[in-house]
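Visitor: I would like to understand the words used for this model. Could you take me through them?
Guide: Gladly; have a look at it first.

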Amino acid sequence: ERRSLARAGVLTIALAADAKGRLVAPPTVIARGVLEGEEDAAAVRFVTVEIAKALDNGAAGRDDATLGELARLAARRAIETKTGKKPVCLVSVIRV
């Protein structure tokens, strides 16, 4: 796992969802070792939008594991599109 982190970096994603599984706030994304310099902020915004789209697409009513997996896959796809890297993605789902 350490080699994977060193090679591709890590994304930490936090989701705040209501009891029905709908997002109550935009996803929070923190990238480490994935992007360089000025492209970092733009790429994080892109990842955030892609996660929100993936979860808005019928994710309501899903359990935490499913929400987390949908967010993880959307984030990895988005970063791979921008950088060619496939970072480790850590997702936390918080029910409010």
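Visitor: Why does E69 count as partly exposed?
Guide: E69 has 35% relative accessibility. Buried means under 20% relative accessible area, exposed means over 50%, and partly exposed is in between, with a 1.4 Å probe and protein chains only. At 35%, E69 therefore counts as partly exposed. A word on the source: this is a predicted model, in which local features need pLDDT of at least 70 and side-chain atom pairs count only at pLDDT 80 or more, while totals for chains, interfaces and linings use all residues. Residues are numbered from 1 along each chain as its sequence is written, and side-chain values use heavy atoms, with hydrogens and water left out.

Visitor: What makes the meeting of E69 and R72 a salt bridge?
Guide: A salt bridge is a side-chain nitrogen of Lys or Arg within 4 Å of a carboxyl oxygen of Asp or Glu. For E69 and R72 the N to O value is 2.8 Å, so the pair fits the definition. R72 is partly exposed too, with a relative accessible area of 25%.

Visitor: Where do E69 and R72 lie, and what separates them?
Guide: They are three residues apart in helix α3, so about one helical turn separates them. Helices here are DSSP runs of H or I with at least four residues, strands are runs of E with at least two, and both are numbered from the N terminus. Helix α3 spans residues 64-83 and lies across β1 and β3.

Visitor: How many salt bridges does a search of the whole structure find?
Guide: Five. Among them is the one between K53 and E50, at 3.2 Å from N to O; both residues lie in helix α2. Another joins D18 to R22, with the closest N and O atoms 3.2 Å apart.

Visitor: Is D18 buried or exposed?
Guide: Its relative accessibility is 15%, so D18 counts as buried. Its partner R22, at 42%, counts as partly exposed. D18 sits in the loop between β1 and β2.

Visitor: What does D18 touch?
Guide: Leaving out residues up to four places away in sequence, D18 touches V24, R95 and V96. Contact means heavy atoms within 4.5 Å.

Visitor: Why is V96 called exposed?
Guide: V96 has a relative accessible area of 64%, so it is exposed. V96 also helps to make a nonpolar surface patch of about 280 Å² with V24 and I94. Patches are made of residues with over 30% relative accessible area and no salt bridge; like charges are joined within 9 Å, and nonpolar side chains (Val, Leu, Ile, Met, Phe, Trp, Tyr) within 5 Å. The areas come from the Shrake-Rupley method with a 1.4 Å probe, and for residues only the protein chains shown count as cover.

Visitor: How do you know that P27 is buried?
Guide: P27 has a relative accessible area of 7%, so it is buried. Leaving out residues up to four places away in sequence, P27 touches A14, L15, T48, I51 and A52. T48 is in helix α2 (residues 39-56) and is itself buried, with a relative accessible area of 16%.

Visitor: What makes β1 and β2 a pair?
Guide: Two strands pair if DSSP finds at least two bridges between them. β1 and β2 have five, in the antiparallel sense, so they pair by that definition. Within β2, I30 stands opposite T12, and T28 stands opposite A14. The open sheet has three strands in the order β2-β1-β3, with mixed pairing.

Conventions: Axes fitted to C-alpha atoms, helices over the stretch in contact; angles between N-to-C directions.
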